[in-house]
Amino acid sequence: MRTSKTWALVLMGGGARGLAHVGVLRVLERNGLAPAVVTGTSMGGIVGGCYAAGISADRLTDWLGGLRIDDFSRKGTPPKLFKRPKNLFEYVFLEDSKNRFFGKLGLERGDAIEAYFRSCVGDVRIEDLPVKFACNAVDLVSGQEVLFTEGPLYRALRATMSLPLVFAPVRAGRMLLLDGGVVNSAPIEAARDLGAEVAVLVDIHRPLRKVAAARIKGTRQVVQRTIEVAQAASFEERARAADFVIRVPVDLGILEFSEARKIAARGERAAAASLAALKEAVGAAP
């Protein structure tokens, strides 16, 4: 479907909540609405990058619930002490755990998560994608946001999803890169820089609420709360820069991946409810 305006889809970070982006993409594809620009952070970067590389929303949906990883796993038999994961996201967590395990044993092992993303998207470079794409990370050395607009896509995806204390940071030259959502979970400015006249934000943030101290009782809860506090500090101001917002209410923590398909279905419903107004905002031909 032709549109009179060059528009961008901006996909927020949010861990498991970012799976809602897959449902949004399903609605866009069914209705022939294709953004000229996609930007994303963390899980939004992963979903957006795969989409920009030509991976359909239906295929992404398959990845959410039960994709076997046999075709993508490294040659050889995995150590038996590790269970075989059920889907893409379990696999990503498992491979990082393997890296840490073998590192403690003093064994050399490559970045298995980066290798996995490479098996998914190949060696395509960001500047050669059929859809303009950018994702971000934050450099711990300089404290600055780093925007990926060129170079191997798989490396950018690995950097943008490096949740603090959950995944190992990525070394790139003198930089040490972590999840871009720590400083900017909605890269709207990047979409403008890539030529977007209309920025459509998929808002999956969970409003920050007070929690009982007793609920923050382990590393997982500390990590989750730290990221939520950091994101909330900058999100409201950045969100006001969007021209159109698809709000997807997903009241889940960033590490709650257990109901992936249900999260995607929420994105699908929200996008369907916003479809008429979205078409008007991007100047879709009737």
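Here a trainee and a mentor talk through the labels given to parts of this predicted model.

Trainee: Let's start with charges. What makes Asp-58 and Arg-26 a salt bridge?

Mentor: Their closest N and O atoms are 2.5 Å apart. The cut-off is a side-chain nitrogen of Lys or Arg within 4 Å of a carboxyl oxygen of Asp or Glu, so the pair qualifies.

Trainee: Which parts of the chain does the pair tie together?

Mentor: Asp-58 lies in helix H3 (residues 57-64) and Arg-26 in helix H1 (residues 20-30), so the bridge joins parts that are 32 residues apart in sequence. The two residues also belong to a network of salt bridges that includes Arg-30 and Glu-268.

Trainee: Why is Arg-26 called partly exposed?

Mentor: Its relative accessibility is 22%. Buried means under 20% and exposed means over 50%, so Arg-26 falls in between. Asp-58, with a relative accessible area of 44%, is partly exposed by the same test.

Trainee: How many salt bridges does the structure hold?

Mentor: There are 7. Among them is the one where the side chains of Asp-123 and Arg-118 meet, at 2.6 Å from N to O. Another joins Arg-125 and Glu-127 at 2.7 Å.

Trainee: How do you know whether Arg-125 and Glu-127 are buried, exposed or partly exposed?

Mentor: Set the values against the limits of 20% and 50%. Arg-125 has 35% relative accessibility, so it counts as partly exposed. Glu-127 has 39%, so that residue is partly exposed too. Arg-118 gets this label as well, at 40%.

Trainee: Now the helices. Why are H1 and H2 called roughly parallel?

Mentor: H1 and helix H2 (residues 43-52) pack at an angle of about 30°, with their axes 10 Å apart. Angles under 35 degrees count as roughly parallel, so the label fits. The crossing of H1 and H2 is right-handed.

Trainee: Which residues make that contact?

Mentor: From H1 come His-21, Val-22, Leu-25 and Glu-29, while H2 supplies Gly-44, Val-47 and Tyr-51.

Trainee: And the interior: which residues touch the most other members of the largest nonpolar core?

Mentor: That core has 82 residues, and Phe-133, Phe-148, Val-200, Leu-201 and Val-248 touch the most other members. Helix H9 (residues 260-282) gives the most to this core, with 8 residues.

Trainee: What does Val-248 touch, leaving out residues up to four places away in sequence?

Mentor: Val-248 touches Ala-20, Val-24, Val-202, Asp-203, Ile-204, Arg-266, Gly-267 and Ala-270. For each of these, contact means heavy atoms within 4.5 Å.

Terms used
Residues numbered from 1 in each chain as written. Predicted model: local features only at pLDDT ≥ 70, side-chain atom pairs only at ≥ 80, totals over all residues. Heavy atoms only, no water. Core = buried A, V, L, I, M, F, W, Y, C linked by side-chain atoms within 4.5 Å. Buried < 20%, exposed > 50% of the residue type's maximum accessible area, 1.4 Å probe, protein only. Helix = DSSP H or I, 4+ residues; strand = E, 2+ residues; numbered from the N terminus. Axes fitted to C-alpha atoms, helices over the stretch in contact; angles between N-to-C directions. Parallel < 35°, antiparallel > 145°, perpendicular 65-115°, else oblique. Left-handed = near helix turned anticlockwise from the far one by under 90°.
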